[in-house]
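Student: I'd like to learn how to read the way helices pack. Can you walk me through a case?

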Amino acid sequence: MDRLNRRDALKAGGVLGAFGALAIATPARAQPWTWSPQGSVAGTGAGVDPLTVWDPEADELVASLLDRGAVPAVNDLLRTWTRNGQPLPGGLPPDLRDFMEYARQLPQWTDPGKLATAVDFNKKRGLYLGVLYGLASGMMSTVIPKEARAVYYSKGGHDLKDRISKTAKLGYDIGSGNAYGPDGQMVVTCVKTRLVHAAVRHLLPRSPHWVHSADEDIPISQNDIMVTWHSLPTTVMRHLTAWKVPIPVHESDAFLHSWQVAAHLLGVRDEYIPNSWDQANSQAAQVLDPILAPTPEGVKLADRLLRLGTNLDLAILSKGVLGSFTRFLLGDKIADELAIAREPVWDPLLRFSWGPFIAVREGILTVAPPTQEAYWLFDEFLRQFALWYLAELRMPISIELPMMNRDMSQPPR
């Protein structure tokens with residue numbers, strides 16, 4: 001039975017998991033893939049549409065681990081692998097060990113000087129980055145249809161707080177002073193995430209709920225990874241630029257480089273990784289901007305995300321305030337599609353006072369925003385959000401391979 005027939009069988013209620021490996025189908029793109037690999041860090045490439053490319057090395061390996069019941073033991077072993085320079089744990093299956101030794105290597109084009117400069121950038125802009133990663137990027141994920149569905153129906157959709165903590169770890173690790181150094185954790189985080197993506201690609205097509213809602217046959221293509229990638233560094237830099245935060249070119253380039261290395265370690269082919277901000281914005285205009293749209297799954301995820309702050313003893317992070325910042329960062333259209341209520345105080349306050357607040361904070365203006373209280377509220381929000389962001393990292397976080405999809409009969413946590 002080919003892939004399309006198997007998909008039809010699932011939609012008709014056919015038996016799950018009975019037909020082994022799946023053939024590759026080609027999903028449709030609204031517009032032809034036109035971004036040139038000449039604009040990539042590789043400078044060349046075949047120009048194949050990334051919607052039709054996944055991660056065959058990792059996919060075949062992880063499918064084998066799942067099918068032969070090796071994942072529980074692998075997860076136990078990988079909990080002890082936490083630092084980039086640390087040897088891989090003894091006892092790993094030889095095929096997994098060989099893959100991970102290869103996958104953990106930094107690309108040849110890595111520039112240590114730029115990575116060091118990126119550390120300085122992250123230190124200076126840490127408060128902004130926390131809010132932008134959490135609200136601009138995090139909430140944007142709920143209007144990336146394929147990502148929203150993949151999260152909602154995979155194991156991560158059951159315990160969203162746990163899933164967010166693992167996403168926060170990615171942003172925290174890349175911003176740490178030793179991100180890619182031997183005692184850092186970014187390489188470990190990326191390699192483990194690459195393996196998780198492969199597991200999800202193997203498991204989700206067995207979920208009748210995902211099959212009924214998805215418009216592709218295999219989730220998390222190279223295109224999908226780059227869409228998520230653009231929701232992070234590209235979106236962050238767009239906002240910092242719009243806010244007129246003064247960023248020296250060498251720091252901006254270094255921040256981009258740290259994320260270029262991350263994309264490579266996540267298994268993205270070098271021919272799809274933009275080599276400059278101009279190229280990043282050009283690619284994002286094709287793969288990210290046109291596809292943002294609500295889904296029933298995304299609306300539910302957004303509501304749960306906005307409620308997470310109320311579980312902490314940080315009064316300023318109420319659902320209303322988080323929703324207002326989401327509206328400010330992503331615009332009225334997306335906020336309305338996510339059923340985010342308008343806030344009579346915070347909405348206009350952000351619209352008229354955020355720009356002057358940033359200007360004062362950055363030393364561009366010497367006078368406070370229209371009201372001193374607005375200045376205090378914004379500054380306090382940045383600090384409280386940073387506390388919330390870091391609160392997710394207080395306990396050891398273990399990124400582990402899932403062995404099942406979300407059980408839709410159980411209420412989410």
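Tutor: Sure, start with this: α15 and α17 are oblique to each other, because angles under 35 degrees count as roughly parallel, over 145 as roughly antiparallel, 65 to 115 as roughly perpendicular and the rest as oblique. Helices here are DSSP runs (H or I, at least four residues), numbered from the N terminus. Keep in mind that this is a predicted model, where local features need pLDDT of at least 70, side-chain atom pairs count only at pLDDT 80 or more, and totals for chains, interfaces and linings use all residues. Residues are numbered from 1 along each chain as its sequence is written, and side-chain values use heavy atoms, leaving out hydrogens and water.

Student: What are the angle and the axis distance for α15 and α17?

Tutor: In general, two packed helices are described by the angle between their axes and the distance between the axes. Here, α15 (residues 319-330) and α17 (residues 346-361) pack at about 45 degrees, with axes 9 Å apart. The axes are lines fitted to C-alpha atoms over the stretch in contact, and angles run from 0 to 180 degrees between N-to-C directions.

Student: Which residues of α15 and α17 make the contact?

Tutor: Contact means heavy atoms within 4.5 Å. From α15 come Val321, Ser324, Phe325, Arg327 and Phe328, and from α17 come Trp346, Asp347, Leu350, Arg351 and Trp354. They divide into six nonpolar, one polar and three charged (Ala, Val, Leu, Ile, Met, Phe, Trp, Tyr, Cys and Pro count as nonpolar, Asp, Glu, Lys and Arg as charged, the others, Gly among them, as polar).

Student: Is the crossing of α15 and α17 left-handed or right-handed?

Tutor: Right-handed: the near helix is turned clockwise from the far one by less than a right angle (anticlockwise would be left-handed).

Key:
Helix = DSSP H or I, 4+ residues; strand = E, 2+ residues; numbered from the N terminus.
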